[in-house]
Amino acid sequence: MQYYQVLISAEIRPQGLNILDHLISKQLVLGGPVFSGPAKFLWKGDSSALPGLLNEGLAMDRRKLEVVDHDYCFVVTYTREDLKQQLIEEAEKVSVEEVCMISFMPIEGNAALIKLLEDSFADRDAMSSPPEHIKAMAALTFVKSAEIPYRTNKSLNLPVPIANYFNADKGNAEAVSQCFSENAVVKDEGQTYRGRAAIKQWKADAAQKYQYTSKPFALDQEQGKTVVTSHLTGNFPGSPVNLRYFFELEGDKIKSLEIIP
């Protein structure tokens with residue numbers, strides 16, 4: 001399915017937010033920011049309505065091409081190809097502008113964005129009521145500069161077997177081994193471990209040597225494998241470090257894992 005980035009014009013921010021609220025309630029867009037700022041446009045409009053022009057003898061020049069400048073606003077969001085026409089109709093229905101400008105740009109998003117879009121529109125045909133608007137908003141706080149790139153790790157929608165792996169990876173070798181299929185393979189630091197018993201020993205040995213925390217912060221797909229990038233800090237040489245985990249899944253278990261610096 002093709003997805004599009006959408007720009008929708010509005011005169012002022014409250015109008016843009018109203019359009020966005022309406023489209024979200026119809027599950028026609030993912031949502032996104034509403035930007036406003038100085039703008040200039042070519043406009044072939046009715047100059048007779050402008051103050052002072054009547055006294056200057058310009059009132060009869062009703063369709064003159066002019067340059068106008070004023071603050072202006074755009075909604076930036078995403079939609080699915082089959083929803084474009086309905087989006088146009090609904091946006092025009094609630095827009096108060098003479099011309100509601102709507103444009104669509106096809107996108108090639110990363111796996112995380114496409115997954116987010118798929119999830120957002122997946123059940124819209126069965127939707128019986130608008131999505132619930134929770135009474136909460138994001139709040140800023142002070143954090144260490146080094147932690148900023150990894151602040152969004154909790155928002156990753158990790159597949160269940162992979163989420164189980166990272167939850168278990170806190171020194172519990174048995175729990176880690178149970179995340180893998182019976183004949184799974186792990187490759188780490190030039191060594192290969194085959195089967196749950198070997199994987200359990202691998203994790204037990206690592207836990208004996210080092211203490212560390214692992215925070216996944218990026219999710220992607222490469223050559224049929226799920227790739228998670230995680231930020232590791234601990235008492236091991238080279239700490240902190242970002243490692244890439246290449247997972248191959250088999251049902252609700254991990255079939256193979258390769259860890260690459």
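Which residues of helix α2 are buried? In this predicted model, helix α2 spans residues 84-94, and its buried residues are L87, E90 and A91. Around the helix axis they take up an arc of only 100 degrees, which means that they sit on the same side of α2. The spacing fits the usual helix geometry: an α-helix has 3.6 residues a turn, so residues three or four places apart point the same way. As for what lies over these buried residues, the cover includes two strands from the early part of the numbering, β1 (3-10) and β3 (65-80), along with helix α1 (13-25) and strand β4 (102-106).

Stepping back to the chain as a whole, the secondary structure adds up to six helices and ten strands. The protein chain has 261 residues, and 32% of them count as buried. Contacts reach well along the sequence: taking those between residues at least 6 apart, 61% join residues at least 24 apart.

Strand β10 (residues 253-260) is a good place to look at strand pairing. Strand β5 (residues 180-188) runs parallel to β10, and five bridges join the two. Strand β9 (residues 241-250) pairs with β10 as well, this time in the antiparallel sense and over seven bridges. Residue L257 of β10 turns up in both pairings: L257 is the bridge partner of V186, and L257 is also the bridge partner of F247. The hairpin of β9 and β10 has two residues between the strands, and there G251 takes a positive phi near 65 degrees.

Another residue worth a look is T213, which is found in strand β7 (residues 212-222). How buried or exposed is T213? With a relative accessible area of 43%, T213 counts as partly exposed, because that class runs between the 20% limit for buried and the 50% limit for exposed. Setting aside neighbours within four places in sequence, T213 makes contact with H231, L232 and T233. For T233, 20 residues away from T213 along the chain, the C-alpha atoms of the pair are 5.5 Å apart.

Then there are the pockets. The largest pocket has a volume of about 580 Å³, and its lining is made up of 21 residues, with D188, E189, A206, Y210 and L243 lying nearest the centre. Two elements, α6 (195-209) and β9, give two or more residues each to this lining. Helix α6 supplies the largest share, five residues. Sorted by class, the lining of the largest pocket holds 14 nonpolar residues, six charged ones and one polar one.

The second largest pocket comes in at about 390 Å³. Its lining counts 18 residues, and those nearest the centre are A112, K115, L156, N157 and L219. Here the elements that give two or more residues are α3 (111-121) and β7, the latter being the strand that holds T213. Which element gives the most to the lining of the second largest pocket? That is α3, with six residues. The classes in this lining are ten nonpolar, five polar and three charged.

Key:
Residues are numbered from 1 along each chain as its sequence is written. This is a predicted model: local features need pLDDT of at least 70, side-chain atom pairs count only at pLDDT 80 or more; totals for chains, interfaces and linings use all residues. Side-chain values use heavy atoms; hydrogens and water are left out. Buried means under 20% relative accessible area, exposed over 50%, partly exposed in between (1.4 Å probe, protein chains only). Helices (H or I, at least four residues) and strands (E, at least two) are DSSP runs, numbered from the N terminus. The arc is that of the directions from the helix axis to the C-beta atoms. Contact means heavy atoms within 4.5 Å. Two strands pair if DSSP finds at least two bridges between them. On a 1 Å grid over the protein atoms alone, a cavity is a set of points where a 1.4 Å probe fits but cannot get out, and a pocket is an open set with protein on both sides within 12 Å along at least five of seven lines; lining residues have an atom within 4 Å of a point. Grid points are joined across faces, edges and corners, and a volume is the space filled by probe spheres set on the points. Ala, Val, Leu, Ile, Met, Phe, Trp, Tyr, Cys and Pro count as nonpolar, Asp, Glu, Lys and Arg as charged, and the others, Gly among them, as polar.
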